[in-house]
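These are my notebook entries on a structure I went through element by element. I record below what I looked up, in the order in which I looked.

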Amino acid sequence: KVADLRAEALVRLSGYRDKPEARFIPRYLLQMQASQRYAIVVDTQRSRLYVYENDVANGGRPRFVADYYVSQGKLGADKLAEGDKRTPIGVYHVTSSLPREKLADLYGNGAFPINYPNEWDKRQGRNGSGIWLHGTPSDTFSRPPRASDGCVVLTNQDLDVVAKNLQVGLTPVIISRSVEWLSLDDWTRERDELNKAIESWRADWESRDTDRYLKNYSRRFKSADQSYDEFAAQKRQVNAGKDWIKLKINNVSVFRNPGKEEVVVVTFDQDYRSNNLNNQMKKRQYWLREGDQWKIIYEGSA
């Protein structure tokens, strides 16, 4: 349809005109693990997908690599429910890679499922499944800005280039309504503030002072099967049997959730040792800003 072609031409043109400035960084990419080579940031309002490289030599500062035109859900963003034809907003990661030969032609040169709904989505009552980054059918070069059932769709040519940078289980895919940009100074300040909160939590756990440790958790905290009160009671009981605790956290990533609530997703490798238990796990936490403090609202294995 002419209207579709016109809509696509307009968003493509504005994408070519308005490249992100090198001195600004998407607010969401606060810290990447060294092993996360690239991050994907999607701006649904502008139908753009940005690729950022993890510049490890430069203190892990994200560096703009390229951007591409994308299509999103027919009814826009902010997915809430199965079949609502909307694209989700949030912090996700690539969970698998599906080659062309295993897919219907609709998905083009390949597909990369993401982990929607994540823990925060579930907490907000959002559901649905099958949200992928994928290509276009073989007889279609690209599609209008709003044309999918909720997936983020690139041309096959662009998908082939982006696919080289995607690492299953690692690459963050952050989908926003409209990207917020930070100066390097503001980005550094936000990142330092969160790293300080994470370090306080680690030191407070190691201290075996349970009251101090629990101050890092929101009263609205929920894990997979525990409320805040159940979690607090269990921690008091466990800590009573500890003579010492040593806690190391490595490979920390910190991604800010796009949206109204101030939420960040923190993932790391946890190495816990004590007089009667040693264990290692990959952990994921959701931190929420309450007043002027960051508090943990969800915690579980990643």
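**Entry 1: aromatic residues.** I began with Y217 and F221 and found that both are buried. The model is a predicted one. I then examined the geometry of the two rings: the centres of Y217 and F221 lie 5.2 Å apart and the planes stand at 90 degrees, so I entered the pair as edge-to-face, the class for planes over 60 degrees apart. I noted a count of 14 aromatic pairs for the model. Next I asked which residues form one aromatic cluster with Y217 and F221. I listed W201, W205, Y213, F231, F268 and Y272 beside these two.

**Entry 2: the sheet.** I turned to an open sheet of five strands and wrote down its order as 5-4-3-13-7, with mixed pairing. Why does one side of strand 5 and of strand 7 lack a neighbour in the sheet? Strand 5 (61-69) and strand 7 (90-93) are at the edges and have a single partner strand each, so one side of each remains without a neighbour there. From one strand to the next, I noted an average twist of 25 degrees. I then followed strand 7 to strand 13 (residues 172-176), where the two pair in the antiparallel sense over four bridges. Within this region I looked up Y92 and found its bridge partner in strand 13 to be V173.

**Entry 3: helix 3 against the sheet.** I found helix 3 (residues 156-163) packed on the sheet, in contact with strand 3 (38-43), strand 4 (48-55) and strand 5. The direction of helix 3 makes about 160 degrees with that of strand 5. I then checked burial in helix 3 and recorded N156, D158, L159 and V162 as buried. Viewed down the helix axis, the buried residues of helix 3 fall within an arc of 155 degrees, so I concluded that they line one face of the helix. What covers these buried residues? I listed strand 3, strand 4 and strand 5 among the covering elements, together with strand 9 (110-113) and strand 10 (132-134).

**Entry 4: E230.** I closed with a residue in helix 6 (residues 228-240), namely E230. Its relative accessibility is 45%, and I therefore entered E230 as partly exposed, the class between 20% and 50%. I also looked up the separation of E230 from K242: the two are twelve residues apart in sequence, and their C-alpha atoms are 19 Å apart in space.

Technical notes
Residues numbered from 1 in each chain as written. Predicted model: local features only at pLDDT ≥ 70, side-chain atom pairs only at ≥ 80, totals over all residues. Heavy atoms only, no water. Pairing = 2+ DSSP bridges. Axes fitted to C-alpha atoms, helices over the stretch in contact; angles between N-to-C directions. Contact = heavy atoms within 4.5 Å. Phe/Tyr/Trp six-rings, centres within 6.5 Å; stacked < 30°, edge-to-face > 60°. Buried < 20%, exposed > 50% of the residue type's maximum accessible area, 1.4 Å probe, protein only. Arc of directions from axis to C-beta.
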